[in-house]
Amino acid sequence: MKVFISYSNSDGLDKAKMAHDALKKCEQTPWYFKGNVTLGYPYWKELTYRIRNWCDVFLYISTRSSPSDGQEWEIAEALIAGKTKIVILDIHIDLEKV
């Protein structure tokens with residue numbers, strides 16, 4: 001299963017990496033921008049391709065700063081492409097530690 005991982009840059013990158021690593025251990029094919037971008041390729045073209053054509057599942061990691069501008073664009077691309085498998089992973093925040 002090919003999984004596109006959407007995350008907010010300000011507080012979601014570590015969660016995206018954890019999700020990526022967990023999916024790899026389960027023999028899936030995850031992709032997230034910071035960890036897998038193709039050098040020299042316009043980022044918006046790669047993101048559009050990965051969302052619209054490549055992925056089987058769109059994983060949206062929701063954190064305190066979600067939705068970021070990038071995540072709003074990514075979810076719109078997934079909806080335009082008619083992705084039926086959109087998974088939302090909500091990261092709960094322990095308010096006592098804030």
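How close do the axes of helix α3 and helix α4 come, and at what angle do they cross? I started there, keeping in mind that this is a predicted model.

**Entry 1: α3 against α4**

I took helix α3 as residues 43–54 and helix α4 as residues 69–80; their axes come within 9 Å of each other and cross at roughly 45°. Angles from 35 to 65 degrees fall outside both the parallel and the perpendicular class, and α3 and α4 are therefore oblique to each other. I also looked up the hand of the crossing, and for α3 and α4 it is right-handed.

Next I listed who makes the contact. From α3 I noted W44, L47, T48, I51 and R52. From α4 I noted W73, E74, E77, A78 and I80. Sorting the residues of this contact by type, I got six nonpolar, one polar and three charged.

**Entry 2: what α3 buries**

Which residues of α3 are buried? I found E46, L47, T48, R50, I51 and W54. Charged residues turn up in that list, namely E46 and R50. L47, T48 and I51 are buried and also take part in the contact with α4. A reminder to myself: an α-helix has 3.6 residues a turn, so residues three or four places apart point the same way.

I then checked what the buried residues of α3 pack against. The partners are β1 (2–6), β2 (29–31), α2, β3 (57–62) and α4.

**Entry 3: rings**

I searched the whole structure for aromatic pairs and got five. One of them joins W31 and F33, edge-to-face, with 6.4 Å centre to centre and 70° between the planes. Is W31 buried or exposed? W31 counts as buried because its relative accessibility is 3%, and the cut-off for buried is under 20%. F33 comes out at a relative accessible area of 24%, so I put F33 down as partly exposed.

F33 also pairs with Y43, again edge-to-face, at 6.1 Å centre to centre and 75° between the planes. That pair links distant parts of the chain: F33 sits in helix α2 (residues 33–36) and Y43 in helix α3, ten residues apart. Following the ring pairs further, I ended up with a cluster of F4, W31, F33, Y43 and F58.

**Entry 4: the whole chain**

I stepped back to the overall layout. The chain has four helices and four strands, and along the sequence they read β-α-β-α-α-β-α-β. There are 98 residues, of which 36% count as buried. I also looked at the contacts with a sequence separation of 6 or more: 70% of them are between residues 24 or more positions apart.

**Entry 5: backbone oddities**

Where does the cis peptide bond sit? It runs from S66 to P67, and I read omega near -5°. P67 lies in the loop between β3 and α4.

The other backbone item I wrote down is E27. E27 is not a glycine, yet its phi is positive, about 60°. I placed E27 in the loop between α1 (13–25) and β2. With a relative accessible area of 72%, E27 is exposed.

Terms used. Residues are numbered from 1 along each chain as its sequence is written. This is a predicted model: local features need pLDDT of at least 70, side-chain atom pairs count only at pLDDT 80 or more; totals for chains, interfaces and linings use all residues. Side-chain values use heavy atoms; hydrogens and water are left out. Axes are lines fitted to C-alpha atoms, for helices over the stretch in contact, and angles run from 0 to 180 degrees between N-to-C directions. Helices (H or I, at least four residues) and strands (E, at least two) are DSSP runs, numbered from the N terminus. Angles under 35 degrees count as roughly parallel, over 145 as roughly antiparallel, 65 to 115 as roughly perpendicular and the rest as oblique. A crossing is left-handed if the near helix is turned anticlockwise from the far one by less than a right angle, and right-handed if clockwise. Contact means heavy atoms within 4.5 Å. Rings of Phe, Tyr and Trp (its six-membered ring) pair if their centres lie within 6.5 Å; planes under 30 degrees apart count as stacked, over 60 as edge-to-face and the rest as tilted. Buried means under 20% relative accessible area, exposed over 50%, partly exposed in between (1.4 Å probe, protein chains only).
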